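Subject: The model, and what I found in it

Hi,

Here is the structure I promised to send over. Have a look at it first, and my notes follow below.

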Amino acid sequence: MSPLDWIVVAAYFFVVVAIGWWSKKRIHNVADFFTASGRIPWWLSGISHHMSGYSAVMFVAFAAVAYNDGITVYFWWPLTIGLGVGVGAFLFAARWNRLRSKHDVKSPLEYLTRRYNLPTQQVLAYSGAALKVVDIAAKWVAISILLKGFADIPLEVGIIFTGIATMAYMTVGGLWADVLTDMGQFVIQAVAGFAMLFAVMAKLGADFPFTMWGDLPDGHGDPISGSVTTWLVIAFLFVKTFEYNGGMWNLAQRYMAAPSGSAAKRSALLSSVLWLIWPLILFLPMVAAPLIVPGLTSGEESYVALSQELLPAGLIGLMLAGFFSHTMAMVASDSNVITAVITRDLAPVLAPKVRRLTEAAQLTFARITTVLFVSLSMLIAITTRGEGFVLDTVVQLVAATMGPISIPLMLGLLPWFRRVGPTAAIISWAGGLLVWYIVRYQIDSSTEAAIVGLPLVTSLVLYIGIGFLYPESTPERDALVLSLDTDPDEDDDTGDRPGRDQVPAP
């Protein structure tokens, strides 16, 4: 990398720190820290929702899929997310927001004690937190691989540097810092993404990408190719529908931080459109990489090689800043929501005096928890590094276990399942994780589609089947779920919906 590239990277970090300290002025209590007290505009919430789904993983693991198998990477990842988020705009987005506006919920799991019971909330909280720390560790490994490829920085140094930089702005600025960084990431990604697209076009000709398919290896133009199967795409569609509509807790926060339920719905629709369109701009150069940097032994190195081959000084630095931005914003987002879960859901059960902390003390506790959580994920990343760790973690672990963890959380919001109680919730969670363990570790011939899809299907069948055979409906649970049908101002107009005062406190 040239001195100009390093200047660009340094300028990015200066802006990130400035955003964090500017956001600090907006943080007065835990509601501001975790949900921005519902003051984030719908369009900013939508962009943040979209950008929170990216990290350096896309430019390492998914670039490898594009290099080895072609355009199929678009069909099993962003297309399934875009469709899933579009469905969730009508089912989940507004309901997440109304948990905050009607019931003062600051953590996506906080409502579970009222919806089911405390044991259900605790098993989902602990298993989800454990999953998240491993997921974030994979993202640290991904950014360190890119740093090593661009600047020959040792993996451990890259992880520590990026982690400390993330903590520097996240612990002071909360969700506001996270969302504003997402906006900056959106701008950087747009510039860097189009720069790469035009560079590839200049290399392959103005008719790119229309005429490249015949020159690529066989199957690279097929929607289903390589290790990707139709069943895997279907499995991902179901998993991503749950994951990106709140099963990935930080994305539920984006809906909760919007001003109203209707605004949250618009945020989801904007994110859905971005998922369907923008990743094509990013993936087409990755698909074309075998024509420009052929013969790579590891596809995970393809995007670094492509950048070094095509981009001039300055733009490589901007590209690297974009990688930092992707990972730091996503990790900051995850860290904020995990901190919310620990502060609001786990710590008060272990130490009841946490509930009696002052607002200032709760905010300090949240910031300390953020530092500890990020540090733990960095330690895991350093001790479990290695080629293949990124893709194995993101696809086989996160995607496969997301269904069992998210189904009770997500379906519990919907009125059609309000009779489903804690028995069905816990059995569906346990059954799904058991099937994942058996398929992943006990059956040698399991396909990726089975590893990803069977746990979700198991949890879904158990949740619905047991819930309807053994209903555990109560007036309080019914009131909670039905209160999420409308925004507070609509309740004022009609006067016929249950409001917050009708739902008992936990």
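Let's begin with Ser-428, which sits in helix α18. (Helices here are DSSP runs of H or I with at least four residues, strands are runs of E with at least two, and both are numbered from the N terminus.) Ser-428 is buried, with 0% relative accessible area. By buried I mean under 20% relative accessible area, with exposed over 50% and partly exposed in between, using a 1.4 Å probe and protein chains only. Not counting residues up to four places away in sequence, Ser-428 touches Pro-408, Ser-459, Leu-462 and Tyr-463, where contact means heavy atoms within 4.5 Å. Pro-455 is 27 residues from Ser-428 in sequence, and their C-alpha atoms are 9.5 Å apart.

Some housekeeping before the rest. This is a predicted model, so local features need pLDDT of at least 70 and side-chain atom pairs count only at pLDDT 80 or more, while totals for chains, interfaces and linings use all residues. Residues are numbered from 1 along each chain as its sequence is written, and side-chain values use heavy atoms, with hydrogens and water left out.

The overall picture

The protein has 21 helices and 0 strands. For 506 residues, a compact globule would have a radius of gyration near 23 Å, and the 22 Å found here agrees with that. (That radius is taken over C-alpha atoms, and the globule rule is 2.2 Å times the number of residues to the power 0.38.) Along the principal axes, the C-alpha atoms fill a box of roughly 65 × 50 × 45 Å. Of the 506 residues, 60% count as buried. If you take contacts between residues at least 6 apart in sequence, 87% of them join residues at least 24 apart.

On the outside, the accessible surface comes to about 18300 Å², and 67% of that belongs to carbon and sulfur atoms. (Areas are from the Shrake-Rupley method with a 1.4 Å probe; for residues, only the protein chains shown count as cover.) There are 31 positive and 37 negative side chains, and the centres of the two sets lie 10 Å apart. Lys and Arg count as positive, Asp and Glu as negative, and His and the chain ends are left out; each charge is placed at NZ of Lys, CZ of Arg, CG of Asp or CD of Glu.

The cores

Which residues have the most contacts inside the largest nonpolar core? They are Met-58, Trp-76, Trp-77, Trp-96, Tyr-111 and Trp-140, in a core of 128 residues. Helix α13 (residues 261–292) gives the largest share of this core, 15 residues. A second, separate core of 14 residues includes Leu-44, Leu-175, Trp-176 and Ala-257. (A nonpolar core is a set of buried Ala, Val, Leu, Ile, Met, Phe, Trp, Tyr and Cys residues joined through side-chain atoms within 4.5 Å.)

Around Tyr-111 and Gly-412

Leaving aside neighbours within four places in sequence, the contacts of Tyr-111 include Trp-96, Pro-408, Gly-412 and Leu-480. Gly-412 lies in the loop between α17 (389–411) and α18 and is buried, at 0% relative accessible area. Although Gly-412 and Tyr-111 are 301 residues apart in sequence, their C-alpha atoms are 9.7 Å apart. With the same neighbours left aside, Gly-412 is also in contact with Arg-115, Tyr-116, Ile-407, Tyr-463 and Val-481.

In helix α20 (residues 475–482), the buried residues include Leu-480 and Val-481, along with Arg-477 and Ala-479. Their cover includes α7 (93–103), α8 (112–115) and α18 (422–442).

A few other spots

- Asp-104 is in the loop between α7 and α8. Asp-104 has a positive phi of about 55° although it is not a glycine, and counts as partly exposed at 32% relative accessibility.
- The peptide bond from Phe-208 to Pro-209 is cis, with omega near 10°. Pro-209 is in the loop between α10 and α11 (230–247).
- Ile-164, in helix α10 (residues 155–204), is partly exposed at 49%. The C-alpha atoms of Ile-164 and Ser-375 are 8.5 Å apart, with their places 211 residues apart along the chain.
- Asp-32, in helix α2 (residues 30–35), is buried at 3%. Leaving aside neighbours within four places, Asp-32 is in contact with Arg-26, Ile-27, Ser-37, Arg-39 and Leu-175.

Cheers
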